[in-house]
Amino acid sequence: MDTYRKDMKKVQNDRGTGLEESLRRQLKITREKRHLTREEVSEGLISAGELRRLEEGRVADFWLLRLLMGRLHILPSVNIFYLSERDNALANLESEIRCSLLLWNYEKAENQLKQFTELCDKWNRFQQMIFYRLDTALRVRLIRAGRSSRKEKDVKRLRRFMEENMAGFEERLLQHRLFSPEELALLSVYYDFTIENTAEKLKKLYFLIHYFRDEFSQEEKQYLFYADLILACAQCQYAMGEFQNCIRQCEKGLELTEYFHTCEATGELCELIADAKGELFAKEIVNAEERKPWAGDIFRCYMQADAVYDTFYFGYQDGYREKLREKAERWKTIMLE
């Protein structure tokens, strides 16, 4: 019996029924309160019969529970049910990897992902979903930073995983079937990484944004990945010359980061706003009286990005600071004319 099976046996022995009574009730009561069938909640994850047995107290996998709880809008908490030693280690690594990605500490993230892979049960597709989300997020960020390129073998590997483990997800999205925020986070980086055509990518990402707003309108500020999704969408809009829409998306993202009280994409969003406003300035501002206020606004956006980067971002010192401050200096010159 491998370590994972031993962990699950320990859960069963320690808990007897496998799930805390309160969580078991919560899953069923929330599902019924939302007028959802077991088939609707379990679609693409497990069978309706397995969900029924889980609601009745059968030992359950932590990673599956997180997805089910997300679909039912139950905010995740690792404290309400038992975590095996392996699950606890993986959950901690997941948080550490997210932090490393957030702060541009990509070498550390790569090492942490190797540890995650070693601990992962290759037969547990729910753990594998977390790995692919984190691994793809790293690849996307390395490409944005100009430190890597999109490799076809990686695209094929990711597509194969999605076909085998999330079959029919696009059709289910179009039909507004149930997805958890964690599944949407995986789809976000999947589209960002695998689609090269910017217009097509924007269409897919924008649909995810609308789905998330429709399904999680009361909870959108409680999921950190949403700011990253908005950033990816805004970057597409900028690339397509939709500068006003880009600015609006970034401002929405900044509202979220202010709520989180974290730097989740804050630096990137502030810099992108400044870039987009700079493009609008070149196209629209011809009146001399408007030049200085516009330039001052753009300069402040760059300086806000600089402050966040300098405070939090590990990789900011790797030549990026000079590039950003060079852009800011240009607008400071115009502002002081």
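This passage looks at the overall make-up of a predicted model, then at one helix pair and one buried threonine.

Starting with the chain as a whole, the secondary structure is easy to sum up: there are 17 helices and 0 strands. Of the 337 residues, 52% are buried. The chain exposes about 16700 Å², and carbon and sulfur atoms supply 48% of that area. As for how contacts are spread along the sequence, take those between residues at least 6 apart: 69% of them join residues at least 24 apart.

Two packed helices are described by the angle between their axes and the distance between the axes. For helix H13 (residues 225–239) and helix H15 (residues 266–284), the axes come within 11 Å and cross at roughly 20°. That angle falls under 35 degrees, so H13 counts as roughly parallel to H15. The crossing itself is left-handed. On the H13 side, the contact is made by Leu 231, Ala 234, Gln 235 and Tyr 238. H15 brings in Glu 268, Leu 269, Leu 272, Asp 275, Ala 276 and Glu 279. Sorted by class, the H13–H15 contact has 6 nonpolar, 1 polar and 3 charged residues.

Turning to the threonine, Thr 194 sits in helix H11, which spans residues 181–194. Is Thr 194 buried or exposed? With a relative accessible area of 3%, Thr 194 is buried, because the cut-off for that label is under 20%. Setting aside neighbours within four places in sequence, Thr 194 is in contact with two arginines, Arg 150 and Arg 159, along with Val 155 and Leu 158.

Terms used. Residues are numbered from 1 along each chain as its sequence is written. This is a predicted model: local features need pLDDT of at least 70, side-chain atom pairs count only at pLDDT 80 or more; totals for chains, interfaces and linings use all residues. Side-chain values use heavy atoms; hydrogens and water are left out. Axes are lines fitted to C-alpha atoms, for helices over the stretch in contact, and angles run from 0 to 180 degrees between N-to-C directions. Helices (H or I, at least four residues) and strands (E, at least two) are DSSP runs, numbered from the N terminus. Angles under 35 degrees count as roughly parallel, over 145 as roughly antiparallel, 65 to 115 as roughly perpendicular and the rest as oblique. A crossing is left-handed if the near helix is turned anticlockwise from the far one by less than a right angle, and right-handed if clockwise. Contact means heavy atoms within 4.5 Å. Ala, Val, Leu, Ile, Met, Phe, Trp, Tyr, Cys and Pro count as nonpolar, Asp, Glu, Lys and Arg as charged, and the others, Gly among them, as polar. Buried means under 20% relative accessible area, exposed over 50%, partly exposed in between (1.4 Å probe, protein chains only). Accessible areas come from the Shrake-Rupley method with a 1.4 Å probe; for residues, only the protein chains shown count as cover.
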